[in-house]
Amino acid sequence: MDLRTACSVAAALSVASALSAQSLSASPAVNVSGPASASAVFTINWLPAAPFVLFADFAPGPREVLGETLELGLTPALFVLDAGALDATGSYALNLTIPGLPILSGLVAYSQALFPLAAAPNGFIASNGESTVLFAGSSSVVDRFDNPALEGFVGDYDTTLERLRGTFSRRRVQPIEIGDVLDTPTPGTVSAFASQLLVPIQSPLNPRGCRTQFLYRAADLQANGTPEVLTRAYWRVFDNGMPVRLDTFANVTIRASHSQVVPNFLVDSFSALAAFPNSGLASVFASNESSAPALLRSGAYTVDPTAVVLGLDSFGVGRYLDWGIGTNFVYNGVDSLLLDVRTDPSPNTIGWNGAHVYLTVQSGPLPGARCVAQPTLPVGTIDPDVVAVGQPDNAIHDLVFEFARPESTALSPFRAPGPSTLNYQPAILAASTPGTSSIVITYRGADDAFGTNATPFSPNIDVADGKPFLQYSIRFVADVVTGAVPSIDTLVIPVL
């Protein structure tokens, strides 16, 4: 390494160190019960004599400014608490007087310090964000969440930040692929294997009209009982080496629901017939649904060759097209997933593109993994919204699903607020709920820290009144479209 490179590396490391060393702390809660005034203390630590500006806002971030994440709402109410330079030890403290006015209870101030720095890409760097909650009460439960796990919080929340933050994850699954073993054999049976049907299947995109139900078992979806939002569904075009051809259908609607039906594809070892032929879908469409169907899409559907997505299957060779569904179905992760696809007659459409399908039992059509109603005569059409009965068979269409898991939880230990009348008030949160994300809190009271004689959890905190110990549960719900997650920096529960 030459001298110039060494100097560059040293400078980069110096900047990186500077970027990570600054910190802000602020009083998490201030009691404004009155009549005497109270104070909020703000402390900044960084480089000696470093200039700074300390901002405050009454709305939370995050907001992106010149590539820097600010934990401030940047509303018209944004104001400067103070500005200047740190002392020779790299420290600064501000003691801010707050009037003792109960009317201020519930107000939350968010603060953050900015430091000019020529070496930073945007000319400045920001400290961590802090929050201060104003409340009125004789005592309070205050949680700052600097280290939730160490403080006794349990759950599946994100532990990587100095705040209590929800989680969000996506996953993609191809339920069935060629050669998959479908069920574990029992005495007297052998397992069926998914084998590719060597011809394309026109349903459900039959231009003369079609209604098809597709069933996918929880095990094939690799579900684990966690509720998930179904965000995307792709279908596979038949692998025949022919190009995907443009086709437009007047209207394709897709609904999703749960089903108690769980087909068993085992084959009787003596007869080679399906061992459980009646375990699959019934011919009456409505009898296969165990929950109210959710409408995921409705409108014209175009098979667009330029929209083909390659390689979503495990072998990386499949050609898939997006069904274009909405995100309004929450799959419970326990039952089978049932898709109901209805294609209206489209007289000017050919229906060029067939679907890639697997057969499960070679000796007969059952048990039903799908149920299809389509025209059986050489002429004529059907109305998919009118037909109520179809023909079950054991064909499984190659679909790929995407799920999002937007929910996570955190459970506090039992808190003892101290001597008071134990009239608990709803929590005041210094929280960020970007997009459509949300936070739901429920409470319960108990006689001791072990939960003796605990009340049921309730969204109404009054259920805990009179109990010397309080526990709360938080449910975080992320924005399923953007993946933005909610978080809490400070929680205060006033006690009167």
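In the predicted model, the side chains of arginine 232 and aspartate 322 meet in a salt bridge, with a nitrogen-to-oxygen distance of 3.3 Å. This pair links distant parts of the chain: arginine 232 belongs to strand S19 (residues 228-237), aspartate 322 belongs to strand S26 (residues 319-322), and the two residues are 90 residues apart. Both partners fall into the intermediate class of solvent accessibility. Arginine 232 counts as partly exposed at 36% relative accessibility, and aspartate 322 likewise counts as partly exposed, at 26%.

A further link between strands is provided by glutamate 407 and arginine 475, which form a salt bridge whose closest N and O atoms are 3.2 Å apart. Glutamate 407 lies in strand S34 (residues 407-411) and arginine 475 in strand S37 (residues 469-477), so this pair ties together parts of the chain that are 68 residues apart in sequence. Glutamate 407 is partly exposed, with a relative accessibility of 38%. Its partner, arginine 475, is also partly exposed, with a relative accessible area of 33%.

The salt bridge between arginine 165 and aspartate 158 joins residues that fall into separate accessibility classes. In this pair, the closest N and O atoms are 3.0 Å apart. Arginine 165 has a relative accessible area of 26% and is therefore partly exposed. Aspartate 158, by contrast, counts as buried because its relative accessibility of 14% lies under the 20% limit for that class.

Salt bridges also occur in linked groups. Glu177, Arg236, Asp239, Asp313 and Asp398 are connected in a network of such contacts. In total, the structure holds 21 salt bridges.

Strand pairing was examined next. An open sheet is formed by 6 strands, arranged in the order S23-S21-S28-S18-S30-S31, and the pairing is antiparallel. At the edges of this sheet lie strand S23 (294-297) and strand S31 (391-393), each of which pairs on one side only. On average, neighbouring strands of the sheet are turned by 20° against each other, when direction is ignored.

The pairing at the S23 edge can be described at the level of residues. Strand S21 (residues 252-259) pairs with S23 in the antiparallel sense over 3 bridges. Within this part of the sheet, isoleucine 254 stands opposite arginine 297 of S23.

How values were computed
Residues numbered from 1 in each chain as written. Predicted model: local features only at pLDDT ≥ 70, side-chain atom pairs only at ≥ 80, totals over all residues. Heavy atoms only, no water. Salt bridge = Lys/Arg side-chain N within 4 Å of Asp/Glu carboxyl O. Buried < 20%, exposed > 50% of the residue type's maximum accessible area, 1.4 Å probe, protein only. Helix = DSSP H or I, 4+ residues; strand = E, 2+ residues; numbered from the N terminus. Pairing = 2+ DSSP bridges. Axes fitted to C-alpha atoms, helices over the stretch in contact; angles between N-to-C directions.
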